[in-house]
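The following paragraphs lead the reader through one molecular model, from its ligand shell to its sheets and then to its helix packing. Please keep the sequence and the structure in view while reading.

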Amino acid sequence: MSQTEAAATHAKAPNDLESLWLPFTPNRHFKRDPRLVARAKDMHYFKPDGTPVLDGTAGLWCANAGHCRDKIVSAIQAQAAELDFAPSFQFSHPKAFEVANQLVAMTPEGLDYAFFCNSGSEAADTALKMAIAYHRANGEASRTRLIGRERGYHGVGFGGISVGGMSPNRKFYGSLLPGVDHLPHTYNRAEQAFTRGEPEWGAHLADELQRLVDLHDASTIAAVIVEPMAGSTGALPPPQGYLKRLRELCDKHGILLIFDEVITGFGRLGHATAAERFGVTPDIMTFAKGVTSAAVPMGGAMVGRHVYEAFQSGPDHMIDLFHGYTYSGHPLAMAAALATFELYREEGLFEQARANEAAFADAAFTLKGHPLVLDIRTIGMVAAFDLAPVEGLMGKRGYDAMCNAFHEQNIMVRVSGDTIAFSPPLIIEEAQMGELFERFKKALDAVA
Ligand SMILES: Cc1ncc(COP(=O)(O)O)c(C=O)c1O
């Protein structure tokens with residue numbers, strides 16, 4: 001980088017960090033020792049001083065095609081000049097339909113309609129509201145109960161945290177939604193430690209849904225929502241056969257199955273969706289993040305024809321679903337999504353992720369045996385490491401490892417408690433996989 005370029009990026013560093021309250025961040029510590037990036041390209045971020053940082057997390061599980069890809073950048077630039085905004089209540093614009101059509105083609109048969117919002121949290125709340133309203137529209141208004149799962153993450157809306165299963169995200173916010181219950185999570189270290197892909201143990205945990213049906217009665221249950229692979233609580237691949245059993249039980253009892261594919265969609269597990277990988281199709285599927293490779297905020301829900309059609313019985317002039325967002329189908333998001341889909345197709349990025357799965361897992365498993373590493377889980381382009389906690393200070397080891405990784409090793413990783421997760425852009429090359437985990441090992445050595 002030339003001196004002028006370095007000076008230009010340096011100028012982007014803010015000189016007073018106090019006013020901004022960062023989400024999911026210990027703000028006091030961050031402001032004493034900030035982790036700032038000023039630009040990005042492909043597999044790298046760049047610190048304000050120009051130092052490249054290898055991106056081990058695709059930003060936040062989202063920049064699946066890599067950063068600042070020319071095709072996406074140009075599409076957004078052109079769109080901003082052509083149509084900045086179009087309302088999506090009662091009006092729309094052609095690209096929104098184009099994105100919906102392509103999404104229907106990319107997702108498994110049985111998901112026939114797309115609804116747009118702006119984030120994964122909105123997508124989760126959209127799906128939950130649709131499920132309750134669907135049953136009411138079908139004359140089953142008593143089906144209002146929502147079933148989530150322990151260790152689930154569905155964003156930060158009241159619906160999402162109510163069905164979610166991460167206690168720090170729930171305990172501060174009062175009584176949450178009424179009428180929610182939870183399946184047990186699927187992780188058991190004694191049975192599953194150091195598994196690649198779907199663990200053999202744990203399909204029986206889906207039968208807990210039958211217990212909840214026996215307890216509450218199916219006539220009170222609207223939907224079950226799960227992440228096909230729980231992401232935010234440390235990447236927990238589903239046990240073999242687990243999702244199929246959930247699907248069977250939902251069918252048996254007339255319960256809608258919602259897959260939250262905000263993380264697993266768009267190639268993360270080597271397929272367009274986790275539903276495709278695991279051969280199980282939900283009634284509603286949420287998505288966000290990779291849909292635009294994170295270049296413009298966007299989320300949404302794919303739904304089956306039966307769901308959409310349940311809302312189509314009113315008078316012609318009547319709104320069918322009383323739900324939506326000012327920025328549903330925003331032109332910049334639509335342009336970014338279309339360009340992103342083109343990149344995914346042209347570069348075969350989902351296939352590449354599938355082909356790279358074994359090499360990525362091999363690189364991750366080189367850390368097996370490190371004294372701090374209690375477990376490694378891998379699936380698709382995901383790897384998670386459970387670290388031995390610092391006694392009495394839950395989350396400190398993970399936090400210190402993430403800080404050291406950024407400041408000293410120049411890699412970006414995702415921390416969740418004492419778990420560190422990797423989910424790099426799908427364009428990662430094999431040499432970069434080795435580099436990523438070698439540098440991560442140095443970070444672990446430094447915080448041991
Ligand atoms: C499965 C899942 N659902 C929902 C969300 C929330 O997405 P957002 O942060 O865009 O609201 C996330 C975010 O990581 C997620 O992993």
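By class, which residues does the shell around the ligand have? It has six nonpolar, seven polar and two charged residues. The model is a predicted one, and the description of the shell should be read accordingly. In total, 15 residues surround the ligand. The closest of them are Ser 119, Gly 120, Ser 121, Gly 155 and Val 262. Among the elements of the chain, helix 6, which spans residues 120–137, gives the most to this shell, contributing three residues.

The account now turns to the sheets. One open sheet consists of seven strands in the order 4-10-9-8-7-5-6, and its pairing is mixed. Strand 4 (113–117) and strand 6 (180–183) are found at the edges; each has a single partner strand, so one side of each is left without a neighbour in the sheet. On average, neighbouring strands of this sheet are turned by 20° against each other, direction ignored. Within the sheet, strand 5 (residues 145–149) and strand 7 (residues 221–226) pair in the parallel sense over three bridges. In this pair, Arg 145 stands opposite Ile 221 of strand 7. Helix 10, formed by residues 208–216, packs on the sheet and touches strand 5, strand 6 and strand 7. The direction of helix 10 makes about 155° with that of strand 6.

A further open sheet has four strands, arranged in the order 11-12-15-14 with antiparallel pairing. Its edge strands are strand 11 (373–379) and strand 14 (414–416), each of which pairs on one side only. From one strand to the next, the twist averages 20°. Strand 12 (residues 382–387) is joined to strand 15 (residues 419–422) by four bridges in the antiparallel sense, and Ala 383 stands opposite Phe 422 in strand 15. Helix 16 (residues 396–407) lies across strand 12, strand 14 and strand 15, and runs at about 40° to strand 15.

The packing of helices on one another remains to be described. Two packed helices are described by the angle between their axes and the distance between the axes. Helix 14 (residues 331–346) serves as a starting point, beginning with its contact with helix 4 (residues 70–82). The axes of helix 4 and helix 14 come within 8 Å and cross at roughly 155°. Because this angle is over 145 degrees, helix 4 is roughly antiparallel to helix 14. The crossing of the two is right-handed. On the side of helix 4, the contact involves Lys 71, Ile 72, Ala 75, Ile 76, Gln 79 and Ala 80. These meet Pro 331, Leu 332, Ala 335, Ala 336, Leu 338, Ala 339, Thr 340, Glu 342 and Leu 343 in helix 14. By class, this contact of helix 4 with helix 14 has 11 nonpolar, two polar and two charged residues.

Helix 14 also meets helix 5 (residues 94–106), and the axes of these two come within 9 Å and cross at roughly 40°. Helix 5 and helix 14 are therefore oblique to each other, and their crossing is left-handed. Lys 95, Ala 96, Glu 98, Val 99 and Gln 102 in helix 5 meet Pro 331, Met 334, Ala 335, Ala 337, Leu 338 and Phe 341 in helix 14. The residues of this contact divide into eight nonpolar, one polar and two charged. Pro 331, Ala 335 and Leu 338 of helix 14 thus appear in the contact with helix 4 and in the contact with helix 5.

Another helix pair is formed by helix 15 (residues 349–365) and helix 17 (residues 430–447), whose axes come within 9 Å and cross at roughly 20°. The angle is under 35 degrees, and helix 15 and helix 17 are therefore roughly parallel to each other. Their crossing is right-handed. Helix 15 contributes Ala 359, Phe 360, Ala 363 and Ala 364 to the contact, while helix 17 contributes Glu 430, Met 433, Gly 434 and Phe 437. By class, the contact of helix 15 with helix 17 has six nonpolar, one polar and one charged residues.

Terms used: Residues numbered from 1 in each chain as written. Predicted model: local features only at pLDDT ≥ 70, side-chain atom pairs only at ≥ 80, totals over all residues. Near = placed C-beta within 6 Å. Nonpolar A, V, L, I, M, F, W, Y, C, P; charged D, E, K, R; others polar. Pairing = 2+ DSSP bridges. Axes fitted to C-alpha atoms, helices over the stretch in contact; angles between N-to-C directions. Contact = placed C-beta atoms within 7 Å. Parallel < 35°, antiparallel > 145°, perpendicular 65-115°, else oblique. Left-handed = near helix turned anticlockwise from the far one by under 90°.
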